[in-house]
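Subject: A structure to look at, with notes

Dear colleague,

Please find the structure below, and keep it open beside these notes while you read. I have tried to explain each term where it comes up.

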Amino acid sequence: MRVAAIVPAAGAGRRLGSRGAKAFVPIRGEPLAIHALKILEAHPAVRWIIPVVRESDRDALRRLLRRHRLDKALDPVLGGPSRADSVARGFAAVPERANWILVHDAARPCLRLRLLEAVLKVARREGAAACGLPASVTVKAADDTGSVRLTLDRDQLWLAQTPQVFRRDWFAQALTRADHELSGFPDDASLVEAAGFPVRMVPGDPWNLKVTTREDLVLAEAILAHMDQEAARRPLWPGRADF
Ligand code: CTP
Ligand code: MG
């Protein structure tokens, strides 16, 4: 697999309400976005990393990429109005030689190598894979007033996470929609599904949370502290790379 990893980091971070950009909010002493970038850098199948940022953050990210020796990272691409637009712009910068596309939110700093490995493995077999948590709670759909419209059968439900990995040709075809349609797709898998390709779910990692609010930052700090302890006991790359 020759994987190009697109890392959308061009959101406004509105719900976090930080003074600076969410991608640079310090967490365990490092900017939020750097954590996931380091894990992607460490995986041998990932050949290129394409960070997507807002214009105002571009130079700061360039400096960080150099300081942290993220050698697989290409020059940051400018994002768009929605997450899907940002991913599409990242895709436009993917090198010719890449045959797989991975997308991972910069806002998910607690990615572990073994989850990355699991998603890549299933994608290689099936053509497209997304990780997610099987729903462990009852999910209800309600209208604007809070009135319940339906209660869903949780046996069939997954809470989608990233990374999500796709054959390059499938992803390219999924992105052939008009720009104004893209914002209607909440994740990358939904675009690929809508293009008619099967996407396989892979059990995700409860630690792989998306930092959305202040509360998530506290949780992510604690999780990263645990991950550091684990890393102290185990080598970062556990076995021979199979890619
Ligand atoms: N993202 C992006 N471009 C956008 C919107 C989002 O690259 N136009 C990225 C974010 O930077 C983040 C990921 O997509 O890494 C998931 O988005 P989310 O958690 O919603 O982050 P923000 O959009 O930054 O936060 P908020 O919605 O609270 O403003
Ligand atoms: Mg958002």
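How many helices and strands does the protein chain have? The protein chain has 8 helices and 11 strands, where helices (H or I, at least four residues) and strands (E, at least two) are DSSP runs numbered from the N terminus. Its radius of gyration (taken over C-alpha atoms) is 18 Å, close to the 18 Å that the globule rule (2.2 Å times the number of residues to the power 0.38) gives for 243 residues, so the protein chain is as compact as a globular protein of that length.

Please bear in mind that this is a predicted model, in which local features need pLDDT of at least 70 and side-chain atom pairs count only at pLDDT 80 or more, while totals for chains, interfaces and linings use all residues. Residues are numbered from 1 along each chain as its sequence is written, chains are lettered from A and ligands numbered from 1 in the order in which they are written, and side-chain values use heavy atoms, with hydrogens and water left out.

Along its principal axes, the C-alpha trace spans about 50 × 40 × 40 Å. Buried residues (under 20% relative accessible area, with exposed meaning over 50% and partly exposed in between, for a 1.4 Å probe and protein chains only) make up 48% of the 243 residues. Among contacts (heavy atoms within 4.5 Å) with a separation of 6 or more, 74% join residues that are 24 or more positions apart.

Helix α2, residues 58-67, is a good place to begin on the details, and its buried residues are L61, L64 and L65. These cover an arc (that of the directions from the helix axis to the C-beta atoms) of only 100° around the axis, which puts them on the same side of α2. In general, an α-helix has 3.6 residues a turn, so residues three or four places apart point the same way. The buried residues of α2 pack against β3 (30-31), α1 (32-42) and β4 (46-53), whereas the face turned away from that buried side carries the exposed residues R66 and R67. Just after α2, R69 takes a positive phi of about 50°.

The other residue to find is V103, which belongs to strand β6 (residues 100-103) and is buried, with a relative accessible area of 0%. Leaving aside neighbours within four places in sequence, V103 is in contact with several residues, including I6, V87, F171 and T162. V103 and T162 are 59 residues apart in sequence, yet 6.7 Å apart in space, C-alpha to C-alpha.

With best wishes
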